[in-house]
Amino acid sequence: MATTIQKVAIFGSTSTFPAGLPIIRANYTLDNLTTALTGQDAAICVVGPGGIGAQATMIEAAEAAGVKRFIVNDFGWGPEYHSLPEFSAIHAHRRTSWNLAKAKAEANPTFTFTGITTGNPIDWAMKRFPLMGFDIAQYSAIIYDSGTEKFTATTLAGIGQSVVGVLQHPDETANRFVKVLSIITTQNELLEAFQRVTGREWPVQRASSRTVLESGQRKFQEGIGSWRLELAVAQMYDEGQARCVVAPSWEGSDSPLLGVQNESADEVVSKALQMR
């Protein structure tokens with residue numbers, strides 16, 4: 001696989017990138033993207049939700065440019081996601097381009113794809129979204145229901161390593177979704193870890209995931225955008241449903257193959273605390 005990294009950014013983007021990283025700013029058209037991807041062995045699609053519709057064009061361009069491996073935009077819960085029905089339209093939108101990549105790979109043996117299913121980006125998510133249960137700035141917690149529902153998650157370091165691992169193991173990861181995780185945990189385990197690492201007791205508010213669910217469903221019906229976060233939290237802690245488990249164990253996932261480390265709760269919360 002290629003060792004040169006090149007970033008393709010859409011015109012008008014205000015994103016900043018590390019010095020020395022080649023940047024091509026282009027509108028996401030088939031011709032522009034084909035030109036940008038020519039000479040590249042691999043392409044990794046990491047567009048945000050607003051760019052998902054452009055992924056089909058990216059896949060078309062990657063094949064036309066002779067790209068050998070296209071990593072599709074998942075980095076979430078994958079095609080086997082047991083999500084709430086409100087997420088169905090979003091999932092169908094994403095699946096359209098996944099199906100296109102699969103069809104391209106079946107028709108053209110020189111083109112392959114991989115999806116990387118990572119679950120919750122846990123250190124980033126806990127730092128950014130106190131509704132997930134941990135207000136790091138205030139050293140306080142919300143525990144939903146019993147706090148014992150298990151979910152899988154991957155740190156940002158683990159997500160980055162999963163990409164590296166796919167490119168280092170092209171044969172084993174071709175034309176499928178790999179499942180990775182850094183940790184299988186619960187709210188209670190994370191709370192205990194936060195208290196150990198910070199050396200202090202965290203005030204705990206008890207809440208019901210049902211309340212968050214009903215609020216999110218109401219906002220969904222009213223077209224209020226914050227429904228996504230509320231329902232994402234509600235389904236992660238939906239007791240007994242295992243909605244947010246990508247694999248039964250670290251050993252039973254693709255993490256060992258890809259070099260994604262099995263991390264402890266203390267290691268994960270330390271990363272969240274250190275994140276800016």
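Which residue caps the N-terminal end of helix 7? In this predicted model, the cap is S208, with a side-chain oxygen placed 3.1 Å from the backbone nitrogen of R210. At the other end, helix 7 is followed by G223, a residue with a positive phi near 75°.

Helix 7 covers residues 209-222. Its 14 residues, at 1.5 Å a residue, should span 20 Å, and the end C-alpha atoms are 20 Å apart, so the expected span and the model agree. The buried residues of this helix are S209, V212, L213, S215, G216 and K219. Viewed down the helix axis, these buried residues fall within an arc of 165°, and they therefore line one face of helix 7. In an α-helix there are 3.6 residues a turn, so residues three or four places apart point the same way. The face turned away from the buried side of helix 7 carries the exposed residues T211, Q221 and E222. The elements that cover the buried residues include strand 8 (140-144), strand 12 (204-207) and helix 8 (227-236).

Strand 8, one of the elements covering helix 7, has four buried residues out of five, so the strand is largely enclosed by the rest of the structure. Strand 8 is joined to strand 7 (residues 134-135) by two bridges, and these two strands run antiparallel. Within this pairing, D135 stands opposite S140 of strand 8. The hairpin formed by strand 7 and strand 8 has four residues between the strands, and in it Y139 takes a positive phi near 55°. Strand 8 is also joined to strand 12, in this case by four bridges and with the strands running parallel. I143 has R206 in strand 12 as its bridge partner. Strand 8 thus takes part in an antiparallel pairing with strand 7 and a parallel pairing with strand 12.

A further group of strands forms an open sheet of three strands, in the order 6-9-11 and with mixed pairing. Strand 6 (120-121) and strand 11 (183-185) stand at the edges; each has a single partner strand, so one side of each is left without a neighbour in the sheet. Strand 9 (residues 151-154) pairs with strand 11 in the antiparallel sense, over three bridges. T152 is placed opposite I184 in strand 11.

At the level of the whole chain, the assignment gives domain 1 (1-117) and domain 2 (121-153 + 183-251 + 262-275). The C-alpha centres of domain 1 and domain 2 are 29 Å apart. Contact between the domains involves nine residues of domain 1 and 14 residues of domain 2.

One residue of helix 2 (residues 55-65), E63, was examined for its surroundings. E63 is partly exposed, with a relative accessible area of 21%; this classification follows because buried means under 20% and exposed means over 50%. With its neighbours within four places in sequence left aside, E63 is in contact with K104, N108 and F111. F111 is 48 residues from E63 along the chain, yet the C-alpha atoms of E63 and F111 are separated by 6.3 Å.

Note on methods
Residues numbered from 1 in each chain as written. Predicted model: local features only at pLDDT ≥ 70, side-chain atom pairs only at ≥ 80, totals over all residues. Heavy atoms only, no water. Expected span 1.5 Å × (residues − 1). Buried < 20%, exposed > 50% of the residue type's maximum accessible area, 1.4 Å probe, protein only. Arc of directions from axis to C-beta. Contact = heavy atoms within 4.5 Å. Polar contact = N/O pair within 3.5 Å; in protein donor to acceptor, adjacent residues only side chain to side chain. Pairing = 2+ DSSP bridges. Domains from an automatic or database assignment.
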